[in-house]
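Q: Could you take me on a close look at the enclosed space inside this protein, and then show me what else sits around it in the fold? I'd enjoy one connected walk-through.

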Amino acid sequence: MRIFLAALCTAFLGCFAPSAKEKGKMLADKYCTSCHLPVDPSMLDKETWTKHVLPAMAPRLGIRVWSGDQYYPVEGQRQPGQISFQEWMELVKYFEQQAPVKLEPAKPPVPLQHDWFGFTIKRPMGDSSGVAGTTMVSFDTAAARIFTSDTYTSTLDAWDSSLRKNNAWKLPSPVVNILYTRDSGKSSSAIITQIGNMRAVDEPSGIISKLNINDPHSKQTDLMPFLKRPVQTLQADFDKDSLVDLLVCAFGHNQGGLYWLKQLPGHRYEQKTITEVPGAIQAAVGDFNGDGWPDAMVLFAAADEGIWLYENDRKGGFKSTNLLRFPPLNGSTSFQLVDFNGDGQLDILYSCGDNADFSMVLKPFHGLYVYRNEGNNSYRQAWFYPVNGCTKAVAADFNLDGITDIAAIAFFADMKNNPAEKFILFEGKDHQLNFTPHAPPVEKEGRWICMDVKDMDGDGDQDIILGNYGKGFNILDGYTPDWKEYQPFIVLENKRK
């Protein structure tokens, strides 16, 4: 009788024992969510999981890696939050068994139209003998000129309205962001963000500087040195003391942060930390809660990716609220606040596609998204268009019909099968997020890593400048680049007016 009851209990409990798949998911939910949103195995193929991503993640959970994807246990007591060796091997098996052999490419809902969509191309004048490593392009509309920077020369270059270079400032590192300051309506100086190192390192060599861009012989004045890969600087008087402060996104690598540079008398700055986490890639400043004080909305693109709202507490600090979170495989690249449907509430245009990481494969979830603002800091996905390796998206009414359009670049596009997706213009058809995608034939002109949109010629419509990073970061096996590697940028002039 005892033997029978024991067997019955074993069988009964076995019915409720988790399967290997269920156990693997529980382990993923338990350990992976300590750093980011849980990731489903279906988001990557087997080989990428087992040979690249999981070996890179193992040391973070206390597992040592040998010979690429061979694991062995660590002697001694585990630290809090670290996984046991047996659990790790079960987790690896879960991803290996559940991941697809190959990712299926996304199918765009509307096919590309190959036309110019009302634009014409203008190319820079003069010598372009060096390989282009453009890190920034910017229209200075007040002075009818263009500024660019290059990773190989570490210069800030000025171009006149005929696209001829007329000055260059030698700097310690490439410029990735420029903020113009005005004097009597003209650009007299600029706050420039120098990244320090384009490679993914935690070297504190980034600098926020001021430069007189009307003086060819001017030297930079450093406002805040020793930052870890800063990528954007914005202005706002956060404490209302009549001194304009700075907000800096420092992407870093394993370290980084969002910093308030509080201006002190004598034009000095005090660095105050808002949050000390890596991945701050873009911010927008505004009074988002309507209390009359400037707040910040920030996109983070490392590990725990997402958009956070930092509300000014009016006491020298900020209260953070998460608005959207994205899986760590998204590789978030940009966002913009846009009222797509004219309801008076700002929606979020978001792009993702950074592929220079451990999972360098084309991903069907990369592309452009629109999240509708439903009020009370709530946003809902309302539109998606797949674009491999999407790098930046900018919304504007390009054809002047009163409906928002979108320009998008993709540095990690599918160069083999769909090179036209490197630059797409989405023509808005209505206020319900219906778009017709146009691909102007510029795929042979360069590989676009940066973009700016402004009315360069003052004729009332929006022009576009695309920056070319001509060489490197090729993630496609057996593919030879077929674009111009020596051309730093092109201008797409809007000819509607």
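A: Happy to. Phe-340, Ile-403, Thr-404, Asp-430, His-431, Leu-433 and Phe-435 line the largest cavity. Please keep in mind that this is a predicted model, and that everything below is computed from it. By class, that lining comprises 4 nonpolar, 2 polar and 1 charged residues. The space inside the largest cavity comes to about 40 Å³. Searching the whole structure for cavities of 30 Å³ or more turns up 1.

From the closed space we can turn to an open one. The second largest pocket holds about 910 Å³ of space. Its lining is made of 32 residues, and those nearest its centre are Met-360, Val-361, Leu-362, Lys-363 and Leu-476. Two or more residues of this lining come from each of helix H3 (46–57) and strand S23 (379–386). H3 is the element that gives the most, with 3 residues. Sorted by class, the lining of the second largest pocket has 17 nonpolar, 6 polar and 9 charged residues.

Since H3 takes part in that pocket lining, let's follow this helix to its packing partner. H3 packs against helix H4 (residues 85–98) at an angle of about 150°, and their axes lie 9 Å apart. The two helices, H3 and H4, are therefore roughly antiparallel to each other. Their crossing, that of H3 and H4, is right-handed.

H4 also meets helix H2 (residues 20–31): the axes of H2 and H4 come within 9 Å and cross at roughly 115°. That angle makes H2 roughly perpendicular to H4. The crossing of H2 and H4 is left-handed, whereas the crossing of H3 and H4 is right-handed.

Now for the strands. One open sheet is formed by 4 strands in the order S3-S30-S29-S28, with antiparallel pairing. At its edges are strand S3 (119–122) and strand S28 (448–454), each of which pairs on one side only. On average, neighbouring strands of this sheet are turned by 20° against each other, direction ignored. Looking closer at one pair, S3 and strand S30 (residues 489–494) are joined in the antiparallel sense over 4 bridges. For a concrete place to put your cursor, Thr-120 stands opposite Glu-493 in S30.

Another open sheet, also of 4 strands, runs in the order S16-S17-S18-S19, and its pairing is antiparallel. Strand S16 (280–286) and strand S19 (318–326) each have a single partner strand, so one side of each is left without a neighbour in the sheet. From one strand to the next, the twist of this sheet averages 20°. Within it, strand S17 (residues 295–300) and strand S18 (residues 305–312) pair in the antiparallel sense over 5 bridges. Met-297 has Leu-309 in S18 as its bridge partner.

To come back to where we began: the largest cavity, with about 40 Å³ of space, has residues such as Phe-340 and Asp-430 in its lining. For the second largest pocket, Met-360 and Leu-476 are among the residues nearest the centre, and H3 is a good helix to select alongside them, as it gives the most to that lining.

Notes:
Residues are numbered from 1 along each chain as its sequence is written. This is a predicted model: local features need pLDDT of at least 70, side-chain atom pairs count only at pLDDT 80 or more; totals for chains, interfaces and linings use all residues. Side-chain values use heavy atoms; hydrogens and water are left out. On a 1 Å grid over the protein atoms alone, a cavity is a set of points where a 1.4 Å probe fits but cannot get out, and a pocket is an open set with protein on both sides within 12 Å along at least five of seven lines; lining residues have an atom within 4 Å of a point. Grid points are joined across faces, edges and corners, and a volume is the space filled by probe spheres set on the points. Ala, Val, Leu, Ile, Met, Phe, Trp, Tyr, Cys and Pro count as nonpolar, Asp, Glu, Lys and Arg as charged, and the others, Gly among them, as polar. Two strands pair if DSSP finds at least two bridges between them. Axes are lines fitted to C-alpha atoms, for helices over the stretch in contact, and angles run from 0 to 180 degrees between N-to-C directions. Angles under 35 degrees count as roughly parallel, over 145 as roughly antiparallel, 65 to 115 as roughly perpendicular and the rest as oblique. A crossing is left-handed if the near helix is turned anticlockwise from the far one by less than a right angle, and right-handed if clockwise.
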